[in-house]
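Subject: Structure for your review

Dear colleague,

Please find below the structure that I am handing over to you. My notes on it follow underneath.

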Amino acid sequence: MASERAERLRGTIIYRPIVYGNTAIPMTPETRAGAPLEHTHRWTVAIRSAASPEDGSAVGGKDDISYFIKRVTFKLHETYPTPNRNVDKPPFEVTETGWGEFEVTIRVTFVPESNEKPISFHHHLKLHAWVPQANPAVPSISPPAPDGPVNAWQYDEIVFTDPSKTFLDILLKNPPTPLPKVRRRGAPPHIAFPSSLTNHIKGGMPEFTTLMEKEEGDRLDAAKKEIVAQTDQLRLLLVEREKELERLKKEVESTARAS
């Protein structure tokens, strides 16, 4: 019986939606007690369920994900004491203070019943918000709005292929909360989505929704159409240049014969 439950179910795929990233808040004289003088922000880096609490108090984190995650290791910058931080129970997050941005490696270890290897995510810790620019291709960095924190979050899906019967049962007993179908709050800020930057500047916690998937698809479709249009224009230009080159070759040959 034990071997049957440990046997992998070929052809079965199941996933769990998660978000990972950070929230950062500028420190004030009242909130910087105990922090080094050069530190400017207090930040929290985390990995959470994709669905957010109803009260909008955080990005993600409505569901307890410890039923399939045993440990999360956050690898911070080497200048921090004990840069490898192990978190063995929810919330899977680390809060620190600092002045600079750097890459955080987030290593996820799954529960023993999964028989899955650990996986890693890489997140660039952000302390300063992107702001809308006249030229989106050249964004600049500006200090965060005083009425809200900086949020930098990425949606992802952890996919389990051919899980064991035991692990599949665990996952099925703990279905994730579906993402809302409509936007109740701002979208997580991204330079590819200008309106999200505007909402971010206004403050408040953003939220991932199923609507964002459609919007992302629409942006990709628009980009593909633009690429096709530009390719067609370049192809026509190339044809014109080839005709011009052929004309010039004939003129040179005609001149050579005449001389």
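The notes below cover confidence, the two sheets, the backbone and one pocket.

This is a predicted model, in which local features need pLDDT of at least 70 and side-chain atom pairs count only at pLDDT 80 or more, while totals for chains, interfaces and linings use all residues. Residues are numbered from 1 along each chain as its sequence is written, and side-chain values use heavy atoms, with hydrogens and water left out.

Confidence is given as pLDDT (the predictor's confidence in each residue, from 0 to 100). The protein has a mean pLDDT of 86, with 83% of its residues at 70 or more. Over residues 139-147, pLDDT stays under 50, and the model has 23 contacts for this stretch beyond four places in sequence. Contact means heavy atoms within 4.5 Å.

Helices (H or I, at least four residues) and strands (E, at least two) are DSSP runs, numbered from the N terminus. Two strands pair if DSSP finds at least two bridges between them. Angles run from 0 to 180 degrees between N-to-C directions, and axes are lines fitted to C-alpha atoms, for helices over the stretch in contact.

One open sheet has four strands in the order β5-β2-β1-β10, paired antiparallel. Its edges are β5 and β10 (150-161), each with a single partner strand, so one side of each is left without a neighbour in the sheet. From one strand to the next, the twist averages 15°. Strand β1 (residues 13-26) pairs with β10 in the antiparallel sense over twelve bridges, and Asn 22 stands opposite Ala 152 in β10. Helix α2 (residues 165-173) lies across β1 and β10, at about 60° to β1.

Another open sheet of four strands, also with antiparallel pairing, has the order β4-β3-β6-β7. Here β4 (84-87) and β7 (119-124) are the edge strands, each pairing on one side only. Neighbouring strands are turned by 20° against each other on average, direction ignored. Six antiparallel bridges link β3 (residues 69-75) and β6 (residues 103-110), and Lys 75 stands opposite Thr 105 in β6.

Two backbone features deserve mention. Most residues other than glycine have a negative phi, and most peptide bonds are trans. Thr 82, in the loop between β3 and β4, has a positive phi of about 50° although it is not a glycine. Pro 90 and Pro 91 are joined by a cis peptide bond with omega of about 0°; Pro 91 lies in the loop between β4 and β5 (93-98).

Finally, the lining of the second largest pocket comprises four nonpolar, five polar and two charged residues. Here Ala, Val, Leu, Ile, Met, Phe, Trp, Tyr, Cys and Pro count as nonpolar, Asp, Glu, Lys and Arg as charged, and the others, Gly among them, as polar. Among the lining residues are His 39, His 77, Glu 96, Trp 99 and Glu 101. A pocket is an open set of points on a 1 Å grid over the protein atoms alone, where a 1.4 Å probe fits, with protein on both sides within 12 Å along at least five of seven lines; lining residues have an atom within 4 Å of a point.

Yours sincerely
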